[in-house]
Amino acid sequence: MRKKDVVLMATVTSFETLAHPSKSELRQFAELFMPLFAASTDEARRQAIAALSQHPDIPAPVAFFIASQPISISAPFLISSKSLNDETLITIARTQGRAHARAIVRRESLSPTVIDALVGIGHSQSASQPVETAKATDTQAVQTAPVPSEIIDVPPSNPSREEELRQQIKTMARQVSRPSDDVLGLRRLSDIQEALLVRFARERDARQFSAALANTLSASHWLAERIMLDISGVQLATTLKGLGMNASDAIFVLQGFYPHLSQKTGDISRAEGILYKLDAIACEQRIESWRRADSYTFQPKDADKQKRFG
């Protein structure tokens, strides 16, 4: 081990022995730690952070500094440290990317403020990421899709008619031999949203799960609750498959909220049987039909009145 690594670990070990460090001790540790950390190897950094993640009184600048490190180093601290307040957690999730946000989701407890922020971050990512790629795909699809002769023969004199025909071409292009991995333009779970849904299923927290699901669908709480009230699990399975959730996570969620789906027939559980029988494209279409019906029932002004978490 390099000399700087030894000094870093000695500094951390010395700080760990302080049950209730004073302000001067906290300041001294912050002044020593960050330059030693910067000069040490990755292995020493990991060991130092793993040790500090169990200490409840890390100086705020040091806590923020550690949480901002690459996820391969900072993960234990993000998951376990009690020195990270809500404001810091939200800032890290917003500025450091998906991997950091997913680590934060794994914390033993999260306040409603942090959960609300994580849901919002996941929603903004899932809503914004496909847009630019979708535009490129639509353009390519229009160029390669077969175009009916009645469309070719229409003179481009009516702007509204042109736009209507353009949308018809795009729709037909998307329906012709769509690859199984082509999900552009469809509603999809972000990594953060999926991690939150799995977390709430693990905690059997139906209220938080329903709120996160409504946010993911950009729909009312009523729709999310109606989906979950189907005790057969088919509607939730349809939703999870239509949103593109990983199969193992979807099975875990289904069995978490509907324990009877854990029962096995042969080698597969009832949850697996339901999920594997569903067609992904049909699920996507079902979700969109539910959302359209929901939008007719709940106008935007009504939705604004609903609180995201109850």
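The questions and answers below concern a predicted model of one protein chain.

Me: How many helices and strands does the protein chain have?
Reply: The protein chain runs to 310 residues. Its secondary structure comes to 18 helices and two strands.

Me: What percentage of the residues of the protein chain count as buried?
Reply: A residue counts as buried under 20% relative accessible area. Among the 310 residues of the chain, the share is 41%.

Me: How much area does the protein chain expose, and what part do carbon and sulfur atoms supply?
Reply: The exposed area of the protein chain is about 16900 Å². Of that area, carbon and sulfur atoms supply 53%.

Me: What share of the contacts with a separation of 6 or more comes from residues 24 or more positions apart?
Reply: Take the contacts in the protein chain with a separation of 6 or more. Residues 24 or more positions apart account for 69%.

Me: Is Ser 210 buried or exposed?
Reply: Ser 210 sits in helix α12, residues 206-217. Its relative accessibility is 6%. The cut-off for burial is under 20%, so Ser 210 counts as buried.

Me: Which residues does Ser 210 contact, leaving aside neighbours within four places in sequence?
Reply: Helix α12 holds Ser 210 and ends at residue 217. The contacts of Ser 210, with those neighbours left aside, are His 221, Ala 224, Glu 225 and Met 228.

Me: Why can side chains of opposite charge pair?
Reply: Pairing can occur because charged atoms come close. A salt bridge here needs a nitrogen within 4 Å of a carboxyl oxygen. By this rule the count is five salt bridges.

Me: How far apart are the closest N and O atoms of Arg 45 and Asp 42?
Reply: Arg 45 and Asp 42 are three residues apart in helix α3, so about one helical turn separates them. Arg 45 is buried at 16%, whereas Asp 42 is partly exposed at 39%. They form a salt bridge, with the closest N and O atoms at 3.5 Å.

Me: Which residue meets Arg 46 in a salt bridge?
Reply: Arg 46 is partly exposed, at 33% relative accessible area. The partner also lies in helix α3, three residues apart, about one turn of the helix. The partner is partly exposed at 46%. At 3.9 Å, N to O, Arg 46 meets Glu 43.

Me: What is the N to O distance between Arg 199 and Glu 203?
Reply: Arg 199 is buried, with a relative accessible area of 6%. Glu 203 counts as partly exposed at 40%. Their side chains meet in a salt bridge at 3.2 Å.

How values were computed
Residues numbered from 1 in each chain as written. Predicted model: local features only at pLDDT ≥ 70, side-chain atom pairs only at ≥ 80, totals over all residues. Heavy atoms only, no water. Helix = DSSP H or I, 4+ residues; strand = E, 2+ residues; numbered from the N terminus. Buried < 20%, exposed > 50% of the residue type's maximum accessible area, 1.4 Å probe, protein only. Contact = heavy atoms within 4.5 Å. Areas by Shrake-Rupley, 256 points an atom, 1.4 Å probe, with all protein chains shown as cover.
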